[in-house]
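Okay, thanks for coming, everyone. I'll put the structure up and then walk you through it piece by piece.

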Amino acid sequence: MRLHNWFIRNLDDIQREVIIESIDKNIIVQGAAGSGKTDLAIHRALQAKDKGSYAIVIMTQVLRRMISYGMKELGLNNERIAYAWAWRNRGFDLIGDVYCVGHEENQSRIVIDDKSILYLVNGAKVRKFKFVNRKYNPSYLEKKNYYGIDFADWVPEAYYRAWGRRESWFEEVSIYGDNFSVQSSNYHIVPSGTLFMPSEEKIDYLIIDEAQDFNVTDYKLKFIPYAVKSLSLLGDSGQMMNSKGATIQVLRNAFPEYKTFDLKYNYRLPKAIARLAQRIQKGEDLLTNNLKNGGDSDYPTFPKPLIKKSASREFEIQWIANMIKNELLDDVAILVKNDSDVQEVVRLLAENGITEVQTFYRTGKSVPWNTINTLDFSNNDLPCILDYYAAKGSEFDNVFIPFANEGSVGTVHDFFVACTRASHSLFITYSGQKTTYLKNVDNNDIVELNNE
């Protein structure tokens, strides 16, 4: 993903209307895929920067990485982002890997030599944290910035015994004169360890991205009571992937006093892909105000989407691997329905000579399970393998959607989100019965291949 292209710097007139609207006003922003909603969420945070506390609340870990990049570009604290669950139950996760003083004797025995010191490593930056209290003690901690430790996955029992989950509290101390080194055998990475700063009870300005994935009750109970000055909601009904969410129109009806904005332009999708996407998701208009490449994004300037039938799932991935290698494609995403599909694609790519990839998935649904996250959006040479949900908010030059069989691609919203991640080329493959979501696509708007 080309982050420098994803983050817009020159706003159009309607986007500008959003960011000049007082940050003290509640707003609802509707915008289709590629209209710049997430960018505007970041700009709203910039408006709030010098006026009070702020937070951007999101749904996915992948989106957090992209928003973090945009916030850093604008000089904002890129740790003021929280997952929907975490922002009320945990707080704001610090960016980096957590290390402790200890070692791993074998897979079944973890030794923590010093439970009182933790290190946070973010690139070349290292921060040091010292234990202060096992239980939350507001009378002591309220006068300081304090931090807790949590785990994103199941971890060996030694870590729970050492610190519990959201039970041990640390304060940051100077690392001056410390001999910490990630190369030293004296220090051990805490698997899935997350240092976090607890959220304030009240936050002046709350900004909700992917607003359609929350419902009216969520807003009334989880957001409005904690937003002191304003709430900014940005979303797209066409990309609602949470069955318990609410369309933007439902939110507008529920909160008629909020000022509303409709983003007009699409900057991501070439017209060739936009035609296919709006046939999938009825009611979407991605062509009328298409400003991709200044409006010159139709075929033959950009290729038509390619839909290909293969003999098997293995042949689908073999074809994709050959396309990546033979066409020298970079900035590639391969998007699938779920974690097991992600793992299958990673395995099959390796069998076809592509062993280095970026990916995000969980290894299972019951303990012990782990989250595998090797995403590095600054490296466009390695393909990204994601499920549809994790890909929300992202964009890639070249998007492959394998396994597009009937019944295998989730809801129409899921499939629509996957197709609208492509900013240049879209490839859809299947090996059974083609998904009926493609039945209304005009044959003149695509290239279709069979068993080649």
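Before we get to any sheets, one bit of vocabulary: two strands pair if DSSP finds at least two bridges between them. And helices (H or I, at least four residues) and strands (E, at least two) are simply DSSP runs, numbered from the N terminus.

Now the fine print. This is a predicted model, so bear in mind that local features need pLDDT of at least 70 and side-chain atom pairs count only at pLDDT 80 or more, while totals for chains, interfaces and linings use all residues. Residues are numbered from 1 along each chain as its sequence is written, and side-chain values use heavy atoms, with hydrogens and water left out.

Right, the overall picture. The chain has 13 helices and 22 strands. Its C-alpha trace spans about 70 × 55 × 35 Å along the principal axes. The radius of gyration is 23 Å, and a compact globule of 452 residues would come in near 22 Å, so the two agree. That radius is taken over C-alpha atoms, and the globule rule is 2.2 Å times the number of residues to the power 0.38. Of the 452 residues, 55% are buried; buried means under 20% relative accessible area, exposed is over 50%, and partly exposed is in between, with a 1.4 Å probe and protein chains only. For contacts, think heavy atoms within 4.5 Å. Among contacts with a separation of 6 or more, 75% are between residues 24 or more positions apart.

On to the sheets. In general, strands of a sheet pair through backbone hydrogen bonds, either parallel or antiparallel.

Let's take the six-stranded one. It's an open sheet with the order β3-β2-β12-β13-β1-β14, and the pairing is parallel. At the edges you find β3 (81-83) and β14 (259-262), each with a single partner strand, so each has one side without a neighbour in the sheet. Neighbouring strands are turned by 20° against each other on average, direction ignored. The axes behind that are lines fitted to C-alpha atoms, for helices over the stretch in contact, and angles run from 0 to 180 degrees between N-to-C directions. If you zoom in on β14, its parallel pairing with β1 (residues 27-30) runs over four bridges, and there Val29 has Phe261 as its bridge partner.

Just before β3, have a look at Arg80, in the loop between α4 (61-73) and β3. Is Arg80 buried or exposed? It counts as buried, at 11% relative accessibility. Leaving out residues up to four places away in sequence, Arg80 touches Ser53, Tyr54, Ala55, Ile56, Met71, Phe92, Glu200 and Ile203. Take Ile56 from that list: Arg80 and Ile56 are 24 residues apart in sequence, yet 6.5 Å apart in space, C-alpha to C-alpha.

Next, helix α8 (residues 216-223). Its buried residues are Val216, Asp218, Tyr219 and Phe223. Looking down the axis of α8, they fall within an arc of 160°, so they line one face of the helix; the arc is that of the directions from the helix axis to the C-beta atoms. What do they pack against? The partners are β2 (54-58), α5 (84-89), β12 (203-209), β13 (227-235) and α9 (248-254).

Now the other sheet. Eight strands make an open, mixed sheet in the order β18-β17-β19-β16-β20-β21-β15-β22. Its edge strands are β18 (371-373) and β22 (447-450), each pairing on one side only. Inside it, β20 (residues 396-401) and β21 (residues 422-430) run parallel, joined by five bridges, with Val399 bridging to Leu426 in β21. Helix α11 (residues 313-326) packs on this sheet, touching β15 (306-309), β16 (332-336), β20 and β21, and its direction makes about 150° with that of β21.

Last bit: backbone oddities. Most residues other than glycine have a negative phi, and most peptide bonds are trans. Phe403 has a positive phi, near 60°. You'll find Phe403 in the loop between β20 and α13 (412-419), and at 2% relative accessibility it counts as buried. Ser192 also has a positive phi near 60°, but Ser192 is partly exposed, with a relative accessible area of 22%. And there's a cis peptide bond joining Tyr299 and Pro300, with omega about 10°; Pro300 lies in the loop between α10 (271-280) and β15.

Okay, over to you.
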